[in-house]
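Colleague: Before I rely on any of the labels attached to this model, I would like to hear the reasoning behind them. Could you take me through it?

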Amino acid sequence: MQNKNAKIAFIGLGNMGAPMAHNLLRAGFTVAVFDLVQTAMDKLQQAGATQAKTAIDVVQGADLVVSMLPAGKHVESLYIGENGLINHLKKDALVIDSSTIDAATSKMVAANLAENHIRFIDAPVSGGVAGATAGTLTFIVGGKPQDYASALPVLQAMGKNIFHAGDHGAGQVAKICNNMLLSVLMLGTSEALQMAIDNGLDPKVMSDIMLQSSGRNWTLELYNPCPDVMPNVPSSNDYQGGFMVDLMKKDLGLAMDTGLKSQSSTPMGALAQSLYTIHSQQGNGHLDFSSIFNLFSKQEKQ
Ligand code: NAD
């Protein structure tokens with residue numbers, strides 16, 4: 001198990017990584033940070049982190065590395081590319097990669113690092129920027145049981161629900177299965193609500209009916225896509241904040257790649273991917289993913 005004296009290197013201080021690193025500092029860990037963006041590092045330094053000039057510098061003496069990067073190519077290049085950290089991490093160091101990437105890249109990076117006796121877990125998250133800030137993220141881990149156990153105190157400083165899904169790559173598979181289902185639920189809820197509106201029903205009343213009926217689901221409970229049905233959700237704030245359409249599109253791309261490799265039948269996911277792609281191409285990529293509601297709106301198309 002990692003104790004509070006463990007030296008943590010944190011790489012990738014974007015929307016998610018920055019608040020996660022803040023929570024590690026709050027929990028009393030010693031944290032060194034690196035990002036390509038200087039201002040992102042400055043903010044963490046003000047909160048007590050040490051900043052490094054390069055990724056190689058930041059892992060000097062680190063017992064544990066947390067990375068939170070955009071995509072698989074960034075993770076692959078950071079750890080096993082030219083000048084990869086594989087040649088600079090100490091033996092037995094533990095890498096926690098929380099980026100959402102394809103399971104194949106996670107497995108490949110894990111296998112390469114293992115050859116140098118460096119441990120790796122994939123630990124993608126659910127919960128968005130709000131969860132990262134509040135320290136209530138869900139972590140879905142793939143890796144060896146002993147490495148999962150070793151990572152737990154660090155993950156608990158950034159999250160609330162922590163699952164061990166299986167061996168390397170299983171965290172990524174579980175995460176994109178969940179997000180594929182979420183996209184389908186959001187689309188189904190949106191088209192049902194819009195059809196109710198087209199037929200003169202009040203979306204609030206319709207939502208209450210479905211919440212007490214067999215159509216009940218997470219989007220109706222916590223994330224209604226119709227503006228002004230629910231307070232404090234992106235739909236009631238011009239679809240600002242929350243989980244971007246383009247990130248959902250990225251996750252659906254990962255889901256389709258995974259389904260293709262495992263020869264799984266994913267017609268609902270494939271349709272969701274097409275609809276989110278259209279929605280993004282219409283200039284909505286930066287909006288919250290619940291804005292897909294507008295794709296079904298007669299008003300929007302007039
Ligand atoms: P982001 O684009 O805000 O942040 C990525 C950060 O990584 C940036 O600060 C960038 O400068 C840095 N970076 C890129 N390459 C680097 C390198 N080689 N070395 C150091 N720093 C580097 O992205 P984000 O929203 O924080 O998302 C990060 C990951 O988390 C993604 O895989 C995303 O899919 C996943 N995720 C995001 C959310 C969300 O709501 N934003 C929710 C769940 C999961």
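Modeller: What follows is a discussion of the labels, from the whole chain down to single residues, and the model is a predicted one.

Colleague: What makes up the secondary structure, and why is the chain called as compact as a globular protein of its length?

Modeller: The secondary structure comes to 13 helices and 9 strands. The radius of gyration is 20 Å, and the globule rule gives 19 Å for 302 residues; the two values are close, so the chain is as compact as a globular protein of that length. Along its principal axes, the C-alpha trace spans about 65 × 45 × 35 Å.

Colleague: How much of the chain is buried, and what share of the contacts joins residues at least 24 apart?

Modeller: Buried residues account for 51% of the 302 residues. Among contacts between residues at least 6 apart in sequence, 64% join residues at least 24 apart. As for the outside, the accessible surface comes to about 14,100 Å², and 54% of this belongs to carbon and sulfur atoms.

Colleague: How many charged side chains are there, and how far apart do the centres of the two sets lie?

Modeller: There are 20 positive and 25 negative side chains, and the centres of these two sets lie 5 Å apart.

Colleague: Turning to the aromatic rings, how many pairs are there, and why is the pair of Trp218 and Tyr223 called stacked?

Modeller: The count comes to 3 aromatic pairs. In the pair of Trp218 and Tyr223 the centres are 5.3 Å apart and the planes are at 25°; since ring centres must lie within 6.5 Å to pair and planes under 30 degrees apart count as stacked, both conditions are met and the label therefore follows.

Colleague: Why, then, is the pair of Tyr223 and Phe289 called tilted?

Modeller: The distance from centre to centre is 5.4 Å, which again satisfies the limit of 6.5 Å, but the angle between the planes is 40°. Because stacked requires planes under 30 degrees apart and edge-to-face requires over 60, this pair falls into the remaining class, tilted. The pair also links distant parts of the chain, with Tyr223 in the loop between helix 10 and helix 11, Phe289 in the loop between helix 12 and helix 13, and 66 residues separating them. Ring pairs link Trp218, Tyr223, Phe243 and Phe289 into a cluster.

Colleague: What are the burial labels of Trp218, Tyr223 and Phe289, and how do you know?

Modeller: Buried means under 20% relative accessible area and exposed means over 50%. Trp218, at 37%, lies in between and so counts as partly exposed. Tyr223, at 13%, is under the lower limit and is therefore buried, and Phe289, with 2%, is buried because the same limit applies.

Colleague: How do you know whether Pro225 is buried or exposed, and which residues does Pro225 touch?

Modeller: Pro225 is in the loop between helix 10 and helix 11, and its relative accessibility is 0%, which is under 20%, so Pro225 counts as buried. Not counting residues up to four places away in sequence, Pro225 touches Met186, Thr189, Ser190, Leu193, Ser235, Tyr239, Ser290 and Phe293. With Phe293, the separation is 68 residues in sequence and 5.9 Å in space, C-alpha to C-alpha.

Colleague: What label does Glu221 in helix 10 receive, and why?

Modeller: Glu221 has a relative accessibility of 35%, which is neither under 20% nor over 50%, so Glu221 counts as partly exposed. Leaving aside neighbours within four places in sequence, Glu221 is in contact with Leu211, Arg216 and Met230. Asp208 is 13 residues from Glu221 in sequence, and their C-alpha atoms are 9.4 Å apart.

Colleague: Finally, what makes the phi angles of Asn232 and Gln263 worth a remark?

Modeller: Most residues other than glycine have a negative phi. Asn232 is not a glycine and yet has a positive phi of about 60°, and Gln263, likewise not a glycine, has a positive phi of about 55°. Asn232 is found in the loop between helix 10 and helix 11, whereas Gln263 lies in the loop between helix 11 and helix 12. Asn232, at 79% relative accessibility, is over 50% and therefore counts as exposed; Gln263, at 73%, is also over that limit, so Gln263 counts as exposed.

Technical notes
Residues are numbered from 1 along each chain as its sequence is written. This is a predicted model: local features need pLDDT of at least 70, side-chain atom pairs count only at pLDDT 80 or more; totals for chains, interfaces and linings use all residues. Side-chain values use heavy atoms; hydrogens and water are left out. Helices (H or I, at least four residues) and strands (E, at least two) are DSSP runs, numbered from the N terminus. The radius of gyration is taken over C-alpha atoms; the globule rule is 2.2 Å times the number of residues to the power 0.38. Buried means under 20% relative accessible area, exposed over 50%, partly exposed in between (1.4 Å probe, protein chains only). Contact means heavy atoms within 4.5 Å. Accessible areas come from the Shrake-Rupley method with a 1.4 Å probe; for residues, only the protein chains shown count as cover. Lys and Arg count as positive and Asp and Glu as negative; His and the chain ends are not counted. The place of a charge is taken as NZ of Lys, CZ of Arg, CG of Asp or CD of Glu. Rings of Phe, Tyr and Trp (its six-membered ring) pair if their centres lie within 6.5 Å; planes under 30 degrees apart count as stacked, over 60 as edge-to-face and the rest as tilted.
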